[in-house]
Amino acid sequence: MIRALKQMWAQAAASPSATKQHDVALAVAALMTEVMRMDGEADAAERAHIVGRLEQRFGLDATAVHRLIEDAGRETEEALDLHQFTSVVVKSFTTEERIQILADLWQVAMADGYVDPYEEQLLRRIAELMGLHHSQFIRAKISAGAD
């Protein structure tokens, strides 16, 4: 067991930026997945939007994105709250980047043509956890609607 732990630490130390990049991508994917599931349906348009945004934001291919979404789904099912995901986002992105991520989350909610009140409530909570003010929340919503 000690040997296995040493091997894990050695691997993590050998590629800390790759591990950090995966953690950041996983956190964003988890938030997107939660928004998609909040209305009780996993709509194809919402999922397609998630795939496109993750491919673009993190430069991943379709296979990696689908694996990431599956991992994110498992992580969110086991999570006690959203803080573990939003804290990674706060540490990894500037305020402007977090506003853009919130806009991406709004686009996920809007992708099926209807924003469920539970989706909007979740987006408000995520914005708070990401340290964004109400005006930034509204700016992200308007930006998402304009795209």
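The exercises below, each with a worked solution, concern a predicted model.

**Exercise 1.** Determine how many helices and strands the chain has, and what share of its residues is buried.

*Solution.* Begin with the secondary structure: the chain has eight helices and zero strands, so that, read from the N terminus on, its elements run α-α-α-α-α-α-α-α. Turning next to burial, buried residues make up 39% of the 147 residues in the chain. Finally, consider the contacts between residues at least 6 apart in sequence, of which 72% join residues at least 24 apart.

**Exercise 2.** Work out how helices α3 and α6 are oriented to each other, and which residues make the contact.

*Solution.* The axes of α3 (residues 44–58) and α6 come within 8 Å and cross at roughly 155°. Angles over 145 degrees count as roughly antiparallel, and the two helices α3 and α6 are therefore roughly antiparallel to each other. On the α3 side the contact is made by Glu46, His49, Ile50, Arg53 and Arg57, and on the α6 side by Gln100, Ile101, Asp104, Gln107, Val108 and Ala109. Sorted by class, this contact has four nonpolar, three polar and four charged residues.

**Exercise 3.** Describe the surroundings of Arg98, and establish whether Arg98 is buried or exposed.

*Solution.* First locate the residue: Arg98 lies in helix α6, which spans residues 95–110. Arg98 is buried, yet has no salt bridge. A salt bridge requires a nitrogen–oxygen distance within 4 Å, whereas the nearest side chain of opposite charge, that of Glu97, is 7.2 Å away from Arg98. Leaving aside neighbours within four places in sequence, Arg98 is in contact with Val89, Val90, Phe93, Met130, Gly131 and Leu132.

Note on methods
Residues are numbered from 1 along each chain as its sequence is written. This is a predicted model: local features need pLDDT of at least 70, side-chain atom pairs count only at pLDDT 80 or more; totals for chains, interfaces and linings use all residues. Side-chain values use heavy atoms; hydrogens and water are left out. Helices (H or I, at least four residues) and strands (E, at least two) are DSSP runs, numbered from the N terminus. Buried means under 20% relative accessible area, exposed over 50%, partly exposed in between (1.4 Å probe, protein chains only). Lys and Arg count as positive and Asp and Glu as negative; His and the chain ends are not counted. Contact means heavy atoms within 4.5 Å. Axes are lines fitted to C-alpha atoms, for helices over the stretch in contact, and angles run from 0 to 180 degrees between N-to-C directions. Angles under 35 degrees count as roughly parallel, over 145 as roughly antiparallel, 65 to 115 as roughly perpendicular and the rest as oblique. Ala, Val, Leu, Ile, Met, Phe, Trp, Tyr, Cys and Pro count as nonpolar, Asp, Glu, Lys and Arg as charged, and the others, Gly among them, as polar.
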